[in-house]
Amino acid sequence: MKKEVICKKCKKPIPIKSKALDRAQLVKEKGKEFELSCPQCKTTNRYHVNGVKAKKSLFQNLVVSLIIFSILSLSVFYVFKNYWFKSVMLVYMILSILGIPGIIYAIYNKQQNIAIKNFNRFRK
Ligand SMILES: [Zn+2]
């Protein structure tokens with residue numbers, strides 16, 4: 001999840017660095033209003049915490065996908081190395097291993113959606 005406000009001047013999104021999961025936490029961290037300078041047009045403005053929107057972070061999704069993919073490759077490699085021609089269960093094991101990353105990603109995605117909804121719903 002990433003958080004951003006829309007620049008008052010150029011209307012481009014300004015990313016906010018914060019680990020806050022909802023607006024209450026963001027207020028504790030930065031106050032109800034805070035100054036931000038836009039990386040695009042370099043203007044500094046004051047922004048209210050209610051103007052902050054949570055969104056999906058493509059970068060975070062990419063990192064999670066990469067982690068899941070590495071776990072998957074390592075697991076498949078491990079199974080092949082140790083059980084190839086040794087176990088009739090191999091096919092079933094690989095099939096179940098292939099299912100795990102999908103499940104992890106689905107859970108991650110769902111939690112992220114809940115966090116984003118939560119953040120966008122409560123206003124201070
Ligand atoms: Zn701007």
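Two strands count as paired here if DSSP finds at least two bridges between them, and with that in mind the tour of this predicted model can start at the N-terminal end of the chain.

**Strands β1, β2 and β5**

Select residues 2-6, which form strand β1, together with β2: the two run antiparallel and are joined by 4 bridges. Within this pair, place the view on Lys3, which stands opposite Ile16 of β2. Now add β5 to the selection, and an open sheet of 3 strands appears, ordered β2-β1-β5 and paired in the antiparallel sense. Its edge strands are β2, residues 13-16, and β5, residues 53-55, each of which pairs on one side only. If you look across the sheet, neighbouring strands are turned by 40° against each other on average, with direction ignored.

Keep β1 in view and pick Glu4, which lies in that strand. Glu4 has 17 other C-beta atoms within 10 Å and is therefore classed as partly exposed. When neighbours within four places in sequence are left aside, the contacts of Glu4 are Pro13, Ile14, Pro15, Ile16, Lys53 and Lys55.

**The nonpolar core**

Which residues make up the largest nonpolar core? Select Val5, Ile14, Ile16, Leu26, Leu36, Val49 and Val52, the 7 residues of which this core consists. In soluble globular proteins, nonpolar side chains tend to be buried together. From this set, centre on Ile14, which touches Glu4, Val5, Cys7, Leu36, Cys38 and Pro39 once residues up to four places away in sequence are not counted.

**The hairpin of β3 and β4**

Leu36, one of the core residues, is a convenient way into the next selection, since its bridge partner in β4 is Asn45. Show residues 33-37 as strand β3 and residues 44-48 as strand β4, and you will find them paired in the antiparallel sense over 5 bridges. The hairpin has 6 residues between the strands, and Lys42 in this hairpin takes a positive phi near 65°.

**Two lysines with positive phi**

Most residues other than glycine have a negative phi, and most peptide bonds are trans. Stay with Lys42, which is found in the loop between β3 and β4 and is a residue other than glycine with a positive phi. Is Lys42 buried or exposed? Lys42 counts as exposed, because it has 9 C-beta neighbours inside 10 Å and the limit for that class is 12 or fewer.

Next go back to the loop between β1 and β2, where Lys11 lies. Lys11 has a positive phi of about 65° although it is not a glycine. With 10 C-beta neighbours inside 10 Å, Lys11 also counts as exposed.

**Out to the second domain**

Finally, zoom out and colour the chain by its division into domain 1, residues 2-54, and domain 2, residues 58-121. The centres of domain 1 and domain 2, taken over C-alpha atoms, are separated by 33 Å. Where the two domains touch, 5 residues from domain 1 and 5 residues from domain 2 take part in the contact. On the side of domain 1 that touches domain 2, the residues divide by class into 2 nonpolar and 3 charged, with no polar residue.

As a last step, draw a distance from Glu4 to Ser87: the two are 83 residues apart in sequence and 52 Å apart in space, C-alpha to C-alpha.

Technical notes:
Residues numbered from 1 in each chain as written. Predicted model: local features only at pLDDT ≥ 70, side-chain atom pairs only at ≥ 80, totals over all residues. Axes fitted to C-alpha atoms, helices over the stretch in contact; angles between N-to-C directions. Domains from an automatic or database assignment. Contact = placed C-beta atoms within 7 Å. Nonpolar A, V, L, I, M, F, W, Y, C, P; charged D, E, K, R; others polar. Core = buried A, V, L, I, M, F, W, Y, C linked by C-beta atoms within 7 Å. Buried ≥ 20, exposed ≤ 12 C-beta atoms within 10 Å, placed from the backbone.
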